[in-house]
Protein chains: 2
Amino acid sequence: MKSSDYPMISVAEAWRRIEAQLRPLPPTPHILAGAAGLVLAADVVAAEDIPPVPTATMDGYAVVAGDAQPTRTILAQQAAGSADAPPVTPGTAVRIMTGAPLPAGADAVIPFEETTETDGMVTVAGSVSPGLNLRPPASDIGAGQTVLAAGSRIGPPEIGLLASLGQTTVMVHPRPLVAILSTGEELVPPEVTPASGQIRDSNSLALAAAVTEAGCTALPLGTVPDREPALRSAILDGLARADGLLTSGGVSMGVKDLVKPLLAELGTVHFGRVAQKPGKPLTFASVGGKPVFGLPGFPVSSLVCFENLVRPALRLLAGHIALWRPEVPVRLTHDIRRDRERLEFVRATVDAIDGVLWATPTGAQASSRLASLVGSDALLRVEAGPDYAYAGDEVIAILTNRPERASR
Amino acid sequence: MKSSDYPMISVAEAWRRIEAQLRPLPPTPHILAGAAGLVLAADVVAAEDIPPVPTATMDGYAVVAGDAQPTRTILAQQAAGSADAPPVTPGTAVRIMTGAPLPAGADAVIPFEETTETDGMVTVAGSVSPGLNLRPPASDIGAGQTVLAAGSRIGPPEIGLLASLGQTTVMVHPRPLVAILSTGEELVPPEVTPASGQIRDSNSLALAAAVTEAGCTALPLGTVPDREPALRSAILDGLARADGLLTSGGVSMGVKDLVKPLLAELGTVHFGRVAQKPGKPLTFASVGGKPVFGLPGFPVSSLVCFENLVRPALRLLAGHIALWRPEVPVRLTHDIRRDRERLEFVRATVDAIDGVLWATPTGAQASSRLASLVGSDALLRVEAGPDYAYAGDEVIAILTNRPERASR
C-alpha cells in the first residue's frame, strides 16, 4: 500500500550519521561532590606540592639518620595536624604519628616496633637510612604537574585526588538531560488497568532507567496520542527543556505513524530505516541542533535500539571517549536462523565452560517479549544471510549486563 | 613500643568473618520508578496474560486465513487503542495497525506491502496461514507465571516488564544508607587551605563516590578529631541514622588511634588486622547489629579496602547475589617485588595484545599516592613471598573499572 520514504542503511552507517551530528555538551563548572561519573572538560594542574613538607608514613620516632648513638632524648610528640615540635638534633628524637610533618633536622622515622622507650629516652636496635618511613615533599604530586587530563572520567580516586588538591569545583561536560516521550492512543499509565485494546506504557519507565544507567538524567514526559498538534507540542516542549529527546512508537508504516513526517518538518531526518532486527524503523533526526531518536514502540525493540545506538550517542554528549560496551567472541549452543536482510541482535546468556564462552539465546525473540531481555547478559551480532548460524559457530557478543559475579 | 592486640588474618578469612555477620536488609515496598539497581525481595507472579487478546504485529489487514477469495471488502479500521471493529468474515477484512487487537473472526494479518487497495476493496497476492503476523493471547506472559524471581537485579528490561504488568510497587531490599566519617585532627575540608601540618580531607568525598558507585546512598558526616567523646558520639550518631558506617583513619598504632578500642567498647571487633597491602589495619566491627568498617587513613589504602571487602559487603546488604568484580588472568609486563607477609593489591592498567592480557603497574605504589589508582583498570593480586613476581608471570587481575571501550 505504501513504502517507506527512507532507504535502509546498515547499523555501521547509522552510527556514522549519528556521530557526525553530535559533539560533547559545552563545558560547565560543577561542584566536586556529585561529579562522579562525569567527564573532565579541561586538564587539572596541581597548584601545590603534595605533601608540602616531609611527612611520616609510620608511627614512631623522628630522628637524624646519621646519628650513631643508640639512645636519644625524646623532646616532644608530633601528631598529625600539628607542626610545633622543636628541631631534632643528634642525641634527640621526636615521637611522631603517621601523617605528621617531620620536625626540622629529622630525616628518618623509626617505627615503634623497632624501639624501646624508658624514662623519656628511646633506644633504637639497628642503624637507620635517611628518608626511611617518610614521604618527601612533592613525592605524590608536584606543583605544576597535570594530574588529570581533559577527557578523564571522574571516579572515586579522581574525586579523592581533586579533593586533596582543593579543586572543589571542576570543569566538566554536564550530565545530558534526556526527555522521554511515549506515543500512542493505546497507552495507559502503568498503574491504570487497560480497557480492551489498551496496553500499559512500559517504555517510559524502562527508557528512563536505561537513560539513568547510561549516566544521564531522564526527563519523562509521559504519553501523547498519535495526533499532530499534541505530538508536535510535546516534541518541541521536550527539546526546549532537554539536551535530546527519545520517542517510542509511531515510526512504523501505520497510517497514524506521525513521528517521521513531523521530525522531517521540524528539522532534518538523518535516517529512518536501519537493517537491524529488532529496530528496523529506528529514526534519527536533528531538531534545533538537538538529537531526536524515534524508537520503535515494541519494548524489546526500543531497548535494543537504545543499547546499540542511543547509549553510545548519549555517552558522546557526556564527553566520554569510551562509548562502547565490551565485545567478546562466543560460540553458539544452538542453531540460529539468520534474517535474510538484517543484522539481528539476539538476546543471550553467556557462560564460560573450560575457558570457552558459550552463548545461549533467551527463548523466543519476539520484539514484544521483554522476557527475552530479562536476565540476558549479551546481545549476539548474528549477521544477515540465507542460512543459519550453527551451534558451535563463533559470533560476537556485546556484553550488556553489569559485570559482577556470584563467586570470586 | 606496643603491638596490635589483633592477630593478622588472611583476606579470605576477613571476608568469611564479614559474610558471617551480614544479611540482606529487610524487604520494603518501593515504587517502580527509581527501583533500577535494586534487588527484588520476592518473586513476581503475573496476574494477567500479555497480550490479553490476539494482537497484530504488522500494519495491514486482519482476515480469515482460510478465506480463498483474493479480494475482500474493507469493513473498518482498527488502530492500536481501539477495539470496536466489527467481526471479520470470509470476503471481508479490517485495516489494522501494529499493536491493535484482532477483530473477532480474524486469525491472520496480511501486511500492507503484500496487498493492493482500490475503492474500499483489498486484493491479496498469495495465500495466508492462520496466526500470521499476530501475537496469540498469553504468548509473551501467561497469568500465574513467575516472571521474575526474588534475587533478580532490577534493570531497564525488568522495569519495563514490571510496568507492563502494572506492578508499580515492588518488594525490594532497600538501597543501603552508608554513613561516612573521616577521623583526624589534621584534616580540613577540601575547600580550606591547610595550615602547616594539616591536610585536606579527601577520603569523605572519595568514599561517598565509591558508596554511590556501589549502588548505595552515602551519608557523609564530615570530619571528627581523634578525641574520645567526639568520636564516640559521631559513630553512634552515624549508626543511628544509617545501615552501616565507614570510618577512615585512626586504626594504626599511633597513640591517638582510638577507633579500634572505641568499637571494641561499643560492640564487637571481628578483626583488626589483615595480611594485605595496602590496608593492613582494616578493622571490621558490629555495633548494635550494624556493620562498621574502620578503614585506614591513607587515600589509596581506604579505597583499595573499600573495593576488596567493603563493596561486596554493601552489595550483600543490598541483596545482590553477584558480589564480585570480574577477575581474569593477566601477564606482568614488569617484575614486582612480593611483600614477604602480605597479599599485595597492585594498581595496574590492562591491555590486550594479540589475545593476551598484559598488566602494567601504575607507577609508585605508595599508599598516599592516589595517582596510582587514577586511571587504573585493575588490582593485581600479588601473593606474599620472599622473591619477585617476574615479567611474563601470570597473576589474577580484579577488573575495577567500568567496562566501556573507546572503539567497537
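**View 1. The contact between chain A and chain B in this predicted model.** Chain A brings 83 residues to the contact, and chain B brings 84 residues. Several elements of chain A each supply at least two residues to the side that touches chain B: β9 (115–118), β12 (146–148), α2 (156–164), α3 (203–213) and α6 (299–317). By class, this side of chain A holds 40 nonpolar, 24 polar and 19 charged residues.

**View 2. The axis that relates chain A to chain B.** A rotation of 180° lays chain A on chain B, with 0.0 Å of shift along the axis and an RMSD of 0.0 Å. The two copies are therefore related as by a two-fold rotation axis. Within chain A, A:Pro403 has the C-alpha nearest the axis, 4.0 Å from it. Both copies use the same surface: 99% of the contact residues of chain A recur in chain B.

**View 3. A:Ile159 in the largest nonpolar core.** This core has 177 residues. The members that touch the most other members are A:Ile159, A:Ile180, B:Ile159 and B:Ile180. Leaving aside residues up to four places away in sequence, A:Ile159 touches A:Leu32, A:Ala35, A:Ala36 and A:Ile154 in chain A. With the same exclusion, A:Ile159 also touches B:Leu205, B:Ala206 and B:Ala209 in chain B.

**View 4. B:Ala371 and its contacts.** B:Ala371 sits in the loop between β26 (356–361) and β27 (378–382) of chain B. With 22 other C-beta atoms within 10 Å, B:Ala371 is buried, because 20 or more meets the cut-off. Residues up to four places away in sequence are not counted in the contacts that follow. Across in chain A, B:Ala371 touches A:Asp140, A:Ile141, A:Val147 and A:Leu161. In chain B, B:Ala371 touches B:Gly363. B:Val300 is 71 residues from B:Ala371 in sequence, yet their C-alpha atoms are 8.9 Å apart in space.

**View 5. Domain 1 and domain 4 of chain A.** The domain assignment splits chain A into domain 1 (11–25 + 175–317), domain 2 (28–48 + 153–173), domain 3 (55–135) and domain 4 (327–399). The centres of domain 1 and domain 4 of chain A, taken over C-alpha atoms, are 26 Å apart. Their contact takes 14 residues from domain 1 and 13 residues from domain 4. On the domain 1 side, β20 and α6 of chain A each supply at least two residues. The largest share of that side, 7 residues, comes from α6(A). By class, the domain 1 side has 8 nonpolar, 3 polar and 3 charged residues.

**View 6. Strand β26 of chain A and its two partners.** Strand β26 (residues 356–361) runs parallel to strand β23 (residues 327–332) in chain A, joined by 2 bridges. On this side, A:Leu332 stands opposite A:Ala359. Strand β25 (residues 343–353) of chain A runs antiparallel to β26(A), joined by 6 bridges. Here A:Val350 stands opposite A:Ala359. The hairpin of β25(A) and β26(A) has 2 residues between the strands.

**View 7. Two residues with positive phi, A:Asp354 and B:Ala138.** Most residues other than glycine have a negative phi. A:Asp354 has a positive phi near 50°. A:Asp354 lies in the loop between β25 and β26 of chain A. A:Asp354 counts as exposed, because 5 C-beta neighbours inside 10 Å falls within the cut-off of 12 or fewer. B:Ala138 has a positive phi of about 65° and is not a glycine either. B:Ala138 lies in the loop between β11 (134–135) and β12 (146–148) of chain B. With 17 other C-beta atoms within 10 Å, B:Ala138 is partly exposed.

**View 8. Cis peptide bonds before A:Pro278 and B:Pro51.** Most peptide bonds are trans. The bond joining A:Lys277 and A:Pro278 is cis, with omega about -5°. A:Pro278 lies in the loop between β20 (276–277) and β21 (283–287) of chain A. In chain B, a cis bond joins B:Ile50 and B:Pro51, with omega about -10°. B:Pro51 lies in the loop between β3 (44–45) and β4 (55–56) of chain B.

Key: Residues are numbered from 1 along each chain as its sequence is written. Chains are lettered from A and ligands numbered from 1 in the order in which they are written. This is a predicted model: local features need pLDDT of at least 70, side-chain atom pairs count only at pLDDT 80 or more; totals for chains, interfaces and linings use all residues. Two strands pair if DSSP finds at least two bridges between them. Helices (H or I, at least four residues) and strands (E, at least two) are DSSP runs, numbered from the N terminus. A nonpolar core is a set of buried Ala, Val, Leu, Ile, Met, Phe, Trp, Tyr and Cys residues joined through C-beta atoms within 7 Å. Two residues are in contact if their C-beta atoms, placed from the backbone, lie within 7 Å. Ala, Val, Leu, Ile, Met, Phe, Trp, Tyr, Cys and Pro count as nonpolar, Asp, Glu, Lys and Arg as charged, and the others, Gly among them, as polar. Copies are superposed by least squares on the C-alpha atoms of residues with pLDDT of at least 70 in both. Domain bounds come from an automatic or database domain assignment.
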